[in-house]
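Subject: A structure for you to explore

Hi there,

I have a protein structure to hand over to you, and I hope you enjoy turning it around on your screen. Please open it first and keep it beside this message while you read.

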Amino acid sequence: MAQKTPIDQIVEKAVSQVLDGHLPELRKELVRRVLEEVQQHLGASSGAAGGGAADLLHAVSAIHAGTTQKEILRALLETTVGYCGRAALFVMKAGSATGWQGRGFDHDENVKDFSLDVNSPAAARVLQSRAPVSAGAAQMDPRFISQFGAPAEDQVLLMPLHLKDKIAALVYADAGTGAGGKMDAAALELIVSATSAWLEVASLRKQALKEGSTEPGAAEKFDAPPVQTVSSFSDPFAGHAPKHVVAPVAVEAPAMAEAIAEVVSAPASMAAAAAAPATDAFAHMSPEDADVHRKAQRFARLLMDEIKLYNQAKVAEGRKHRDLYDRLKEDIDKSRATYQKRYGNTVAVSADYLSAELIRSLAEDDVSLLGPNFHR
């Protein structure tokens, strides 16, 4: 592979410094917003063992301390057992749910590679509703209950772990098989929600770093890196492929590897599209100018993805009431200032990719959703 040019090194360093500098703020802001969303549950949780806002904040912070997928998911399992007796994570791949790791079981290692029946009532409801389900033990996979034992409280909680709008895994929790076990459903749902959000941030950060280190004209100078697949992507669950094929339910949940690979391979797919003269909007430009335009467009998309990630409720309400700009004015104006600072004095200034992404991504190609106060 060709060596990086000085420009590549400068861009990569700048992107890394910006992201690393904002990462602590992202963590704090994410914790704050998640806690605000579930504030009404904290009072009910405070009396339970391991409950309380301070303990929840510590648990979420432990998850946000993870920088890799494995670290984040291990922290998820370690923190869940502070609010339940037993917990397990099942990875969704090709319509099957396969055990990854467990905590609190007599033999945690037996959870690995256990094929959970996704057609059992509890699992099917989670995949259909895409929301947590609390159910009796009889609604769980009977093989699971038979092998690991029924919870003493006859109550289980099954939660979806979302990534890129897909269910990447199922998180199981119960009070344990002994008497007097604990299970704080509100706290557990908060922890899983925080994990989903942090996995999104980690994916966006990895994508930004890849884009920042992309060499101009790379597709012409050397062979483009292969598009990641389920088998080639560095997947924390790669060694846990399902051993038993289970008939998928009506709503199939794609694999964690597929969901993350979709994000990471985006720059490669863009490079492939750029190589096709018929669809390349920058084909008439010099290689240097085309590279600046591509990076400006990607940066604008990243800024819009960040706004949508942290303001899901406002985005939904803004689209409904056609006043997106009024509701998100502070975030949009900050993003515009950031974009202008980076690309306002480049050849890409005339294209105004940020306004284009505002309309395409945030307003779903309907500029009226931004409201009368929006101006390009």
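Below is what I found in it, starting with the whole chain and ending with a few single residues.

**The whole chain**

Please keep in mind that this is a predicted model. The chain has 376 residues, and 46% of them are buried. Its secondary structure consists of 15 helices and six strands. The accessible surface comes to about 17,900 Å², with 53% of that belonging to carbon and sulfur atoms. I also looked at contacts between residues at least 6 apart in sequence: 69% of these join residues at least 24 apart.

**The sheet**

In what order do the six strands sit in the sheet? Reading across, you will find β3-β2-β1-β6-β5-β4, an open sheet with antiparallel pairing. Its edge strands are β3 (115-116) and β4, each of which pairs on one side only.

Let's walk across from the β3 edge. Strands β3 and β2 are joined by two bridges and pair in the antiparallel sense. If you want a spot to look at, T98 stands opposite S115 in β3. Strand β2 (96-103) has eight of its eight residues buried, so the rest of the structure largely encloses it.

Next, seven bridges connect β2 with β1, again antiparallel. Here L89 stands opposite Q101 in β2. The two strands form a hairpin with two residues between them, and in that turn A94 has a positive phi of about 50 degrees.

Now go to the other end of the order. Strand β4 covers residues 133-135 and is antiparallel to β5, with three bridges between them. Two of the places to check are V133, whose bridge partner in β5 is L158, and S134, whose partner there is L157. L157 also has a bridge partner in β6, namely A173.

Strand β5 itself (residues 156-163) is mostly covered, with seven of its eight residues buried. Eight antiparallel bridges tie β5 to strand β6 (residues 166-174). These two make another hairpin with two residues between the strands, where K164 takes a positive phi near 55 degrees.

**Helices against the sheet**

Which strands does helix α4 lie across? They are β1, β2, β5 and β6, and the helix runs at about 65 degrees to β2. Helix α4 (residues 69-80) has twelve residues and spans 17 Å from its first C-alpha to its last, close to the 16 Å expected at 1.5 Å a residue. Its buried residues include I72, L73 and L76; please remember those three for the next part.

Helix α5 (residues 121-129) lies across β1, β4, β5 and β6, and runs at about 160 degrees to β4.

**Three residues to look up**

*T195.* You will find this residue in helix α7 (residues 185-212). Is T195 buried or exposed? Its relative accessible area is 0%, under the 20% cut-off, so T195 counts as buried. Leaving out residues up to four places away in sequence, T195 touches I63, I72, L73, L76 and L161. Three of those names, I72, L73 and L76, are the buried α4 residues from above, while L161 falls in the range of β5 (residues 156-163).

*R86.* This arginine lies in strand β1 (residues 86-93). Its relative accessibility is 3%, and therefore R86 counts as buried. What does its side chain make a polar contact with? One partner is the side chain of D174, at 2.7 Å. A polar atom of the R86 side chain also lies 2.7 Å from the backbone oxygen of F148. Beyond four places in sequence, the residues R86 touches include R103, G104, F105, Y172 and P151.

*P151.* That last contact takes us to the loop between α6 (142-148) and β5, where P151 lies. P151 is buried too, with a relative accessible area of 5%. Among its contacts outside its own neighbourhood in sequence are R86, A137, I145, V156 and Y172. The C-alpha atoms of P151 and A175 are separated by 6.2 Å, although these residues are 24 apart along the chain.

Have fun exploring, and write back with any questions.

Best wishes

Notes. Residues are numbered from 1 along each chain as its sequence is written. This is a predicted model: local features need pLDDT of at least 70, side-chain atom pairs count only at pLDDT 80 or more; totals for chains, interfaces and linings use all residues. Side-chain values use heavy atoms; hydrogens and water are left out. Helices (H or I, at least four residues) and strands (E, at least two) are DSSP runs, numbered from the N terminus. Buried means under 20% relative accessible area, exposed over 50%, partly exposed in between (1.4 Å probe, protein chains only). Contact means heavy atoms within 4.5 Å. Accessible areas come from the Shrake-Rupley method with a 1.4 Å probe; for residues, only the protein chains shown count as cover. Two strands pair if DSSP finds at least two bridges between them. A polar contact is a pair of N or O atoms within 3.5 Å; within protein, one must be able to donate a hydrogen and the other to accept it, and residues adjacent in sequence count only if both atoms are side-chain atoms. The expected span of a helix is 1.5 Å times one less than its number of residues. Axes are lines fitted to C-alpha atoms, for helices over the stretch in contact, and angles run from 0 to 180 degrees between N-to-C directions.
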